Each structure stands twice: as C-alpha cells, then as structure tokens.
Amino acid sequence: VTMAQPTLVSLSEKEKLQQQALHIASRNILIQASLSAAAETQAREKIQELVIMIRENYDADAPWLDLGAYRRVVGDYEGARDAWEFLAKIRPKSYVVFHNLGDLYAYQFKNYPKAEEYFLKSISNAPGNIQGYIQLVTLYQYLDPSKVSEIEPLLLKGIAVNSQSANLRVTLAG
C-alpha cells in the first residue's frame, strides 16, 4: 500500500498579502509612551477597531495610516513602521505613507539615510508635496549636517515644480 503524497496548495499573491496584513495588524499593542489610563484605554480601543477594519479589508489606506499613527503615539515605533511599510508595499505610489516613514525614521529611529530615502520617495511620488521638501531640508539642516550642501538644489527643484510656493521661497531665503 502506498501513501498518497499531500498536495501542496499555493497561495495567491492576494492571500499572501492578506496573511501578512493580519499578522502585522494583530501584533500585540506595546505601550511605551507615558499616557494617562484613559488615553491608553482609548488608544487600545482605537487600535482594536482598526485591526477589525483591516481584517475586513486589508487593502484600504486609511486604517493602515491610522494604525501606524496610533502605534507611534503609544510609543510602539516598530508597530508603526510595520503598518506603514506594509501600506508602502501595497501603495508604492502613495506620498503620505512615505512621508510618515521618513518622519518616523528621522525622529524615532534616528536613521537619517533611511529617512532621506523615504522623504525622497514621497517627493518623487508627489512633487507638489511642499512639506516633503521642508522636512527633507530640516533633516539636512539639523539632523544630518553632512547633507547641508543638498539643501539649495533641493529647494530650487521644489520651487521649479511649485512656482507659487511662498514656503519654499522663504525656506530658501533662510
């Protein structure tokens, strides 16, 4: 008597993404920020609501953006990163998620090359994103002074695309 070999079932790309989404969204809530009991309870409840929304539709942008934001507020920076990096994977043309990742890497992880990469991606995805230029200038000016020589060309590029932007002109003048 021979035993039948088990049939390997291949998951579709959508099913793989859905499994990954559920894994990321369902991770434990790690509270590392100093919050009041009421604020902690509210954050936990909101995160649980977002997890339910993601379970119902992992392909919606807003729950991922909010999940990352709430996890960041409670001090779960890795959770925020994972949420936003998943959204970046399924929305590679988004500018908001890359901007959020740039900010997270600059200020929480202090990984300036990664922050720069994400801010540049945000600007590439939306050249009209004036805040992307401003944040990158701030990174170069205050956090990674080795890049200060890149400020003027960056701002000139931003002004060329956003000719009416007073913010970019004032930043360049400064």
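Student: How much accessible surface does the protein chain have, and what share of that surface belongs to carbon and sulfur atoms?
Tutor: Keep in mind that we're looking at a predicted model. The accessible surface of the protein chain adds up to about 10100 Å². The share of that surface belonging to carbon and sulfur atoms is 54%.

Student: How many helices and how many strands does the protein chain have?
Tutor: Try reading along the sequence: the pattern goes α-α-α-α-α-α-α-α-α. Counting up the secondary structure of the protein chain gives 9 helices and 0 strands.

Student: Is the chain a compact globule or more spread out?
Tutor: For 174 residues, the globule rule gives 16 Å. The radius of gyration of the protein chain is 20 Å, well over that value. As for the box filled by the C-alpha atoms, along the principal axes it is roughly 80 × 45 × 30 Å. Since 20 Å is well over 16 Å, the verdict on the chain is: more spread out than a compact globule.

Student: What percentage of the residues count as buried?
Tutor: A residue is buried when its relative accessible area is under 20%. Out of the 174 residues of the protein chain, the part that counts as buried is 38%.

Student: Is glutamate 116 buried or exposed?
Tutor: First find glutamate 116 in helix α6, which covers residues 112-125. Its relative accessibility is 11%, and the cut-off for buried is under 20%. So glutamate 116 counts as buried.

Student: Which side chain is joined to that of glutamate 116 by a polar contact of 2.5 Å?
Tutor: Let's look at its contacts, leaving aside neighbours within four places in sequence: Leu136, Leu139, Tyr140, Lys147 and Glu150. The 2.5 Å polar contact joins the side chain of glutamate 116 to that of tyrosine 140.

Student: What is the relative accessible area of serine 122?
Tutor: Serine 122 is also in helix α6. Setting aside neighbours within four places in sequence, serine 122 touches Tyr95, Phe98, His99 and Asn129. The side chains of serine 122 and asparagine 129 share a polar contact of 2.9 Å. Serine 122 is buried, and its relative accessible area is 0%.

Student: How far is the C-alpha atom of leucine 65 from that of valine 97?
Tutor: Leucine 65 sits in helix α3, residues 61-73, and counts as partly exposed at 22% relative accessibility. Beyond its neighbours within four places in sequence, leucine 65 is in contact with Trp84, Leu87, Val96, Val97 and Asn100. Leucine 65 and valine 97 are 32 residues apart along the chain, and their C-alpha atoms are separated by 7.0 Å.

Student: Which residue has a positive phi of about 55 degrees although it is not a glycine?
Tutor: Look in the loop between α5 (96-107) and α6. The residue you want there is exposed, with a relative accessible area of 52%. The one with that positive phi is lysine 110.

Student: What separates the C-alpha atoms of glycine 79 and serine 36?
Tutor: Glycine 79 lies in helix α4, residues 77-90, and is buried with a relative accessible area of 1%. Leaving out neighbours within four places in sequence, glycine 79 contacts Arg27 and Arg71. Glycine 79 and serine 36 are 43 residues apart along the chain, and their C-alpha atoms are separated by 20 Å.

Key: Residues numbered from 1 in each chain as written. Predicted model: local features only at pLDDT ≥ 70, side-chain atom pairs only at ≥ 80, totals over all residues. Heavy atoms only, no water. Helix = DSSP H or I, 4+ residues; strand = E, 2+ residues; numbered from the N terminus. Rg over C-alpha atoms; globule rule 2.2 N^0.38 Å. Buried < 20%, exposed > 50% of the residue type's maximum accessible area, 1.4 Å probe, protein only. Areas by Shrake-Rupley, 256 points an atom, 1.4 Å probe, with all protein chains shown as cover. Polar contact = N/O pair within 3.5 Å; in protein donor to acceptor, adjacent residues only side chain to side chain. Contact = heavy atoms within 4.5 Å.
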